[in-house]
Amino acid sequence: MLVFALLSAGMTALAGAIALGIIPDHRTGGKGVVAGWVGLVFFGLCTALILWRLLTQRGALVTLSPAGIRDEHEYVALCEYIEANSRLWAEDEENPQRLSTA
């Protein structure tokens, strides 16, 4: 992810240089300036999103160990599913007539 952040920051800088005409001996017409500004906005937002994800990431999502591969997303989803269904199962045990069909 850090590589993407560096590439995105570089593209943002390049687009800004094109938009502002900083690059010497490089004549851009009106289309080049518009493309530079569009690139500056797009890659600037991409850089901000990547940096935000890097700063708020809480840890590894996939871990490798001798016991195997563990995907945290699947684990969290499975725990939520089991928790929701265990409440339904408990309600069914407390009220068995709810399941009966007449």
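**Exercise 1. Determine which residue of S2 stands opposite Val 62, and describe how the two strands are joined.**

Solution. Val 62 stands opposite Asp 71 in S2, in what is a predicted model, where local features need pLDDT of at least 70, side-chain atom pairs count only at pLDDT 80 or more, and totals for chains, interfaces and linings use all residues. Residues are numbered from 1 along each chain as its sequence is written, and side-chain values use heavy atoms, with hydrogens and water left out.

Next, place this pair in its strands: S1 covers residues 62–65 and S2 covers residues 68–71, and the two run antiparallel, joined by 4 bridges (strands pair if DSSP finds at least two bridges between them). Another pair that faces across the strands is Leu 64 and Ile 69, the latter in S2. Finally, the connection from S1 to S2 is a hairpin through 2 residues.

**Exercise 2. Describe the surroundings of Asp 71, and state whether Asp 71 is buried, partly exposed or exposed.**

Solution. Begin with its location, which is strand S2. The relative accessible area of Asp 71 is 27%, so Asp 71 is partly exposed (buried means under 20%, exposed over 50%, and partly exposed in between, with a 1.4 Å probe and protein chains only). Leaving aside residues up to four places away in sequence, Asp 71 touches Leu 61 and Val 62, where contact means heavy atoms within 4.5 Å. As for Leu 61, its C-alpha atom is separated by 5.9 Å from that of Asp 71, although the two are 10 residues apart along the chain.

**Exercise 3. Work out how helix H1 and helix H2 are arranged relative to each other.**

Solution. Take the angle as a starting point: H1 (residues 2–20) and H2 (residues 30–56) pack at about 155°, with their axes 7 Å apart. Here axes are lines fitted to C-alpha atoms, for helices over the stretch in contact, and angles run from 0 to 180 degrees between N-to-C directions. The two helices are therefore roughly antiparallel to each other, a term for angles over 145 degrees. The residues of this contact divide into 17 nonpolar, 8 polar and no charged.

Phe 4, found in helix H1, has a relative accessible area of 53% and is therefore exposed. The C-alpha atoms of Phe 4 and Ile 50 are separated by 7.5 Å, with their positions 46 residues apart along the chain.

**Exercise 4. Give the order of the elements along the whole chain.**

Solution. Count the elements, which are 3 helices and 2 strands (DSSP runs of at least four residues in H or I for helices, and at least two in E for strands). Read from the N terminus on, their order is α-α-β-β-α. Of the 102 residues in the chain, 15% are buried.

Definitions and conventions
Parallel < 35°, antiparallel > 145°, perpendicular 65-115°, else oblique. Nonpolar A, V, L, I, M, F, W, Y, C, P; charged D, E, K, R; others polar.
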